[in-house]
Amino acid sequence: MSDSTLSVFSDEHFMKQAFNQAKLAFDSGELPVGAVIVSNNKIIARAHNQTELLNDFTAHAEMLAFTSASEFFGSKYLNTCTLYVTLEPCVMCGGAAFWTRIKKVVYGASDARKGFSTLQENILHPKTEIKAGVMEKECSDILDLFFEQKRRE
């Protein structure tokens, strides 16, 4: 599907915005994961991994986006929001998503080693919808390129 045929409010449109954040992370030497949080078809938070920059292992794209979205609403609950993230959230980010009561999580690439779906039971809130595989190839490719470059260093 080309950019010109994307619906302005489609999962692909918003994942493309998260992917733009992943490219920012890639360009700054961070693991290329990007996230946006959307409410009422409006992006209210954008973030990318900043664990190296901030020297903080919790500075994942999702965690930074959750904080920004919570500040936007003045509330810890994001039950009207959708998280778009280029890589399946890890267990830490999945746990945080549970506590935010986020309405929906959409991710691109799966993470068979560290993703929340590796657990025996779902750690997201029971009302949270999950959609996987949106722009999966692009999201996987940028991660592969990142690790390929790291191996050469």
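**Entry 1: the largest pocket**

I started with what lines the largest pocket, and by class the lining splits into eight nonpolar, six polar and eight charged residues. Worth jotting down right away: I'm working with a predicted model here.

Next I looked up the volume, and the largest pocket comes out at about 510 Å³. There are 22 residues in its lining, and the closest to the centre are Leu31, Leu87, Asp111, Lys114 and Phe147.

Which helix gives the most to this lining? Helix 5 does, with four residues. Helix 2, which covers 51-54, also shows up: helix 2 and helix 5 each put in at least two residues.

**Entry 2: the second largest pocket**

On to the second largest pocket, with a volume of about 170 Å³. I wrote down the residues that line it: Phe9, Asp11, Phe14, Val38, Ser39, Asn40, Asn41, Thr80, Thr82, Tyr84 and Lys104. Sorted by class, that lining has four nonpolar, five polar and two charged residues.

Where do they come from? Helix 1, strand 1 (34-39) and strand 3 (81-87) each supply at least two of the lining residues.

**Entry 3: helix 1 next to helix 5**

Helix 5 had already turned up in the largest pocket, and helix 1 in the second largest one, so to speak, my two regulars. I checked how they sit against each other. Two packed helices get described by the angle between their axes and by the distance between those axes.

For helix 1 (residues 11-27) and helix 5 (residues 136-152), the axes come within 11 Å and cross at roughly 5°. Angles under 35 degrees count as roughly parallel, so helix 1 is roughly parallel to helix 5.

Which residues meet there? From helix 1 I noted Met15, Phe19, Ala22, Lys23 and Phe26, and from helix 5 Glu138, Cys139, Ile142, Leu145, Phe146 and Gln149. By class, this contact has eight nonpolar, one polar and two charged residues.

While still on helix 1, I picked out glutamine 17, which is found in that helix. Is glutamine 17 buried or exposed? Its relative accessibility is 18%, and the cut-off for buried is under 20%, so glutamine 17 counts as buried. Leaving out neighbours within four places in sequence, glutamine 17 is in contact with Val36, Ile43 and Arg46.

**Entry 4: two residues with a positive phi**

I then looked at asparagine 40, which I had already met in the lining of the second largest pocket. Asparagine 40 is found in the loop between strand 1 and strand 2. Its phi is positive, about 50°, although asparagine 40 is not a glycine. Asparagine 40 is also exposed, with a relative accessible area of 72%.

Methionine 135 has a positive phi too, near 55°, and it is a residue other than glycine. Methionine 135 lies in the loop between strand 5 (129-132) and helix 5. Buried or exposed? Methionine 135 is buried, with a relative accessible area of 17%.

**Entry 5: two buried alanines**

Alanine 69 lies in helix 3, residues 61-73. At 0% relative accessibility, alanine 69 counts as buried. What does alanine 69 touch, not counting residues up to four places away in sequence? I found Ile37, Ile44, Ala45 and Leu78. I also checked alanine 69 against serine 39: they are 30 residues apart in sequence, and their C-alpha atoms are 9.3 Å apart in space.

Alanine 97 has its place in helix 4, residues 91-100. Its relative accessibility is 3%, so alanine 97 counts as buried. With neighbours within four places in sequence set aside, alanine 97 is in contact with Phe66, Ile102 and Leu124. From alanine 97 to threonine 128 is 31 residues along the chain, and their C-alpha atoms are separated by 8.9 Å.

**Entry 6: lysine 42**

Last lookup: lysine 42, which sits in strand 2 (residues 42-48). Leaving aside neighbours within four places in sequence, lysine 42 is in contact with Ile37 and Phe72. Ile37 is also on the list of residues touched by alanine 69.

How far apart are the C-alpha atoms of lysine 42 and phenylalanine 146? They are separated by 30 Å, with the two positions 104 residues apart along the chain. Phenylalanine 146 is one of the helix 5 residues that meet helix 1.

Conventions: Residues are numbered from 1 along each chain as its sequence is written. This is a predicted model: local features need pLDDT of at least 70, side-chain atom pairs count only at pLDDT 80 or more; totals for chains, interfaces and linings use all residues. Side-chain values use heavy atoms; hydrogens and water are left out. Axes are lines fitted to C-alpha atoms, for helices over the stretch in contact, and angles run from 0 to 180 degrees between N-to-C directions. Angles under 35 degrees count as roughly parallel, over 145 as roughly antiparallel, 65 to 115 as roughly perpendicular and the rest as oblique. Contact means heavy atoms within 4.5 Å. Ala, Val, Leu, Ile, Met, Phe, Trp, Tyr, Cys and Pro count as nonpolar, Asp, Glu, Lys and Arg as charged, and the others, Gly among them, as polar. On a 1 Å grid over the protein atoms alone, a cavity is a set of points where a 1.4 Å probe fits but cannot get out, and a pocket is an open set with protein on both sides within 12 Å along at least five of seven lines; lining residues have an atom within 4 Å of a point. Grid points are joined across faces, edges and corners, and a volume is the space filled by probe spheres set on the points. Buried means under 20% relative accessible area, exposed over 50%, partly exposed in between (1.4 Å probe, protein chains only).
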